[in-house]
Amino acid sequence: MAAADDLLQPPGVGEYSPLERLPSYYNPLHTFDLAKGDQKHYQQQYADIYFLRLAMLKPAVKQAAEAAWEDFEVGGETVHQVERVLDVRQGELCWVMGTIYMDMPLKPNILDDISKDHWISAPPPREKYRSAAGEDLTMLEDESGRVRLVGTILQTIMLVTGCIVAVMGTENANGEFEVIDLKIADLPRQPQRWERDDSAALLANGSNGKRKSEDTESRVSGGKIAIVSGLGIRGDEANSLTLDLLMEFLLGEACGTAEQEDSSTISRLIIAGNSLSEASPLSSADEISGKKSSKKYGYDASAYNPAPTAHLDNFLATLLPSIPVTLIPGDSDPANVSLPQQPIHPAMLPHSRAYSAVPGASESGWFDSTTNPWEGDVDGWRFMGNGGQPLDDVFKYVEGNERLEMMENFLRWRCVAPTAPDTLWCYPFQDTDPFVLKDCPHVFFVGNQPKFEKAVIEGPTGQSVVLLAIPVYRDTGEVVLLDTNTLETEIFRFDVFDNNEIEMLL
């Protein structure tokens, strides 16, 4: 709230120095960029992703298992490793590595999806895949086969399809593997702050340590990063007021002098998915074939509404002269549905794209339309985030609503989208699995969550990660500010009161 002295004052005779926004040191990674044009194919088998993931994470999981179970004995028998799932023998104490597969009857079935055209109406999406009748089975599989896992320890550990684990136990008379203990890869190595920027400068300048020292000294005190998700722009006046409040706050046009000084410390805005509201349902094949259209040029106004995209473009174009923006697509945005979602096409944002880097440039522009998921360095810290689809899908596999715990397990599994491609659409990678975490981030955020939540987790070798669940702005009016000096957060909330609420307050 602005002070009374800041409002309706005559012009003063003193000189006022303009507020300058703190700079943002931005160095994105392109981990999730897909090939362009004819180099991108969808004829490959999706099963290869799981084999790639298993091969990439096996060394880390094996190291954790060997450190924990070396010389482990039960009843005088020492545990030993078995290379393949099908090599497990009944009564032998052993441990084996593989991929978790959750056999859940309530999961989506591809055969049902193919036959949905024959339904009168499609069934509503399930909130949870878990069966109340206890029909869910936990499997461990590798390239040789699959075995069912049982044991009380499985009730205390969060597991979903696609995570790589090592299990220790023995096979019982029913052919099931009774698990005594379970190990995962845990957090990978975490780079030091400014490590990537300093390495790039060192390579560029050779052994000129003086130049590196000058670059380090030129870095001023870091500002704050504003993170928002779920703007849900519809293009009408109903939801434009809260967007205007957010825009005025970021531009330093709202409230008084103190608030404007706070706004000048915000060095970057990150929009974490669902900038536009949900699109209208697609028409069926029968409706499309039976529909007559007299359109010759342009678009069919009855099938496409350009107002939301134009409103988003104007919103970004108003902000960009003052503050750099990173735009991550989401489930309801005009981007490909399968992960990793590629950047929103610049043709959709004709005014904002003027602030983007030219194609092929080595450095990012003031406006960076990125992939989902996304990772990069901001003010020296490694950031990683997504629009919320992986977390929303894992939520259906597990009991409870502890979303921060699910986010923590993403990092400890070293996989940011474990359920892809089983129940989460993704590109059929053949050479590598980009969802496997190679470096541990300092900040991990997930957009479009029911409420704001924060936690700090630590790893076995001193890693420290800030977990942020970013709420839906259209529902909560909340934007998260992250201080890049301390990694502390604060919440700003914008709301519009109607006449009845104002009368109640008075």
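Student: Let's start with a salt bridge: which residue does Lys107 pair with?
Tutor: This is a predicted model, so treat each distance as a computed one. Lys107 forms a salt bridge whose closest N and O atoms are 2.6 Å apart, well worth a look on screen. The partner of Lys107 in that bridge is Asp422.

Student: How many residues apart are Lys107 and Asp422 in the chain?
Tutor: Lys107 belongs to the loop between strand 5 (94-103) and helix 2 (110-114). Asp422 is in the loop between helix 10 (403-413) and strand 16. The pair links distant parts of the chain, with a separation of 315 residues.

Student: Is Lys107 buried or exposed?
Tutor: Go by the cut-off: buried means under 20% relative accessible area. Lys107 has a relative accessible area of 9%, so the label is buried.

Student: And how does its partner Asp422 count?
Tutor: Values between the 20% cut-off for buried and the 50% cut-off for exposed get the middle label. Asp422 has 30% relative accessibility, so Asp422 counts as partly exposed.

Student: Which residue does Glu399 meet in a salt bridge?
Tutor: Here again two distant parts of the chain are linked, 269 residues apart. Glu399 sits in the loop between helix 9 (389-395) and helix 10, while the partner is in the loop between helix 2 and strand 6 (137-141). The N to O distance is 3.6 Å, and the side chain that Glu399 meets is that of Arg130.

Student: In that pair, what is the relative accessible area of Glu399?
Tutor: Take the partner for background: Arg130 is partly exposed, with a relative accessible area of 30%. Glu399 counts as exposed, a label that needs over 50%. The relative accessible area of Glu399 is 60%.

Student: Which residues make up the network that includes Arg382?
Tutor: Begin with one bridge: Arg382 pairs with Asp377, and their closest N and O atoms are 2.5 Å apart. Both Arg382 and Asp377 are buried. Salt bridges that share partners then join one network, made up of Arg196, Asp377, Arg382 and Asp439.

Student: How many salt bridges does the count come to?
Tutor: The rule asks for a side-chain nitrogen of Lys or Arg within 4 Å of a carboxyl oxygen of Asp or Glu. By this rule, the count of salt bridges comes to 15.

Student: Away from salt bridges, which residues form a negative surface patch?
Tutor: One member is Glu70, in the loop between helix 1 (47-69) and strand 2 (73-74). Glu70 is exposed, with a relative accessible area of 60%, so it clears the over 30% needed for a patch. The full set that forms the patch is Glu66, Glu70, Asp71 and Glu73.

Student: Arg53 caught my eye; what is its relative accessible area?
Tutor: Arg53 is found in helix 1. Leaving out residues up to four places away in sequence, it touches Gly162, Ile164, Cys415, Ala417, Pro418, Ala420, Asp433, Phe435 and Val436. Arg53 is buried, and its relative accessible area is 0%.

Student: How far apart in space are Arg53 and Cys415?
Tutor: In sequence, Arg53 and Cys415 are 362 residues apart. They are also in contact. C-alpha to C-alpha, their distance in space is 8.7 Å.

Student: On to the backbone: which residues are joined to Pro340 and Pro373 by cis peptide bonds?
Tutor: Most peptide bonds are trans. Pro340, in the loop between strand 12 (325-328) and strand 13 (367-369), has a cis bond with omega of about -5 degrees. Pro373, in the loop between strand 13 and strand 14 (374-378), has one with omega of about 5 degrees. The partners are Leu339 for Pro340 and, for Pro373, Asn372.

Student: What is the phi of Asn448?
Tutor: Most residues other than glycine have a negative phi. Asn274, in the loop between strand 11 (266-272) and helix 7 (285-290), has a positive phi of about 55 degrees. Asn448 lies in strand 16 (residues 443-449) and is buried, with a relative accessible area of 11%. The phi of Asn448 is also positive, at about 60 degrees.

Student: Zooming out, what share of the protein chain's residues count as buried?
Tutor: The chain has 12 helices and 20 strands. Its accessible surface comes to about 26600 Å². Of its 506 residues, the share that count as buried is 45%.

Key:
Residues are numbered from 1 along each chain as its sequence is written. This is a predicted model: local features need pLDDT of at least 70, side-chain atom pairs count only at pLDDT 80 or more; totals for chains, interfaces and linings use all residues. Side-chain values use heavy atoms; hydrogens and water are left out. Patches are made of residues with over 30% relative accessible area and no salt bridge: like charges are joined within 9 Å, nonpolar side chains (Val, Leu, Ile, Met, Phe, Trp, Tyr) within 5 Å. Accessible areas come from the Shrake-Rupley method with a 1.4 Å probe; for residues, only the protein chains shown count as cover. Lys and Arg count as positive and Asp and Glu as negative; His and the chain ends are not counted. The place of a charge is taken as NZ of Lys, CZ of Arg, CG of Asp or CD of Glu. Helices (H or I, at least four residues) and strands (E, at least two) are DSSP runs, numbered from the N terminus. Buried means under 20% relative accessible area, exposed over 50%, partly exposed in between (1.4 Å probe, protein chains only). Contact means heavy atoms within 4.5 Å.
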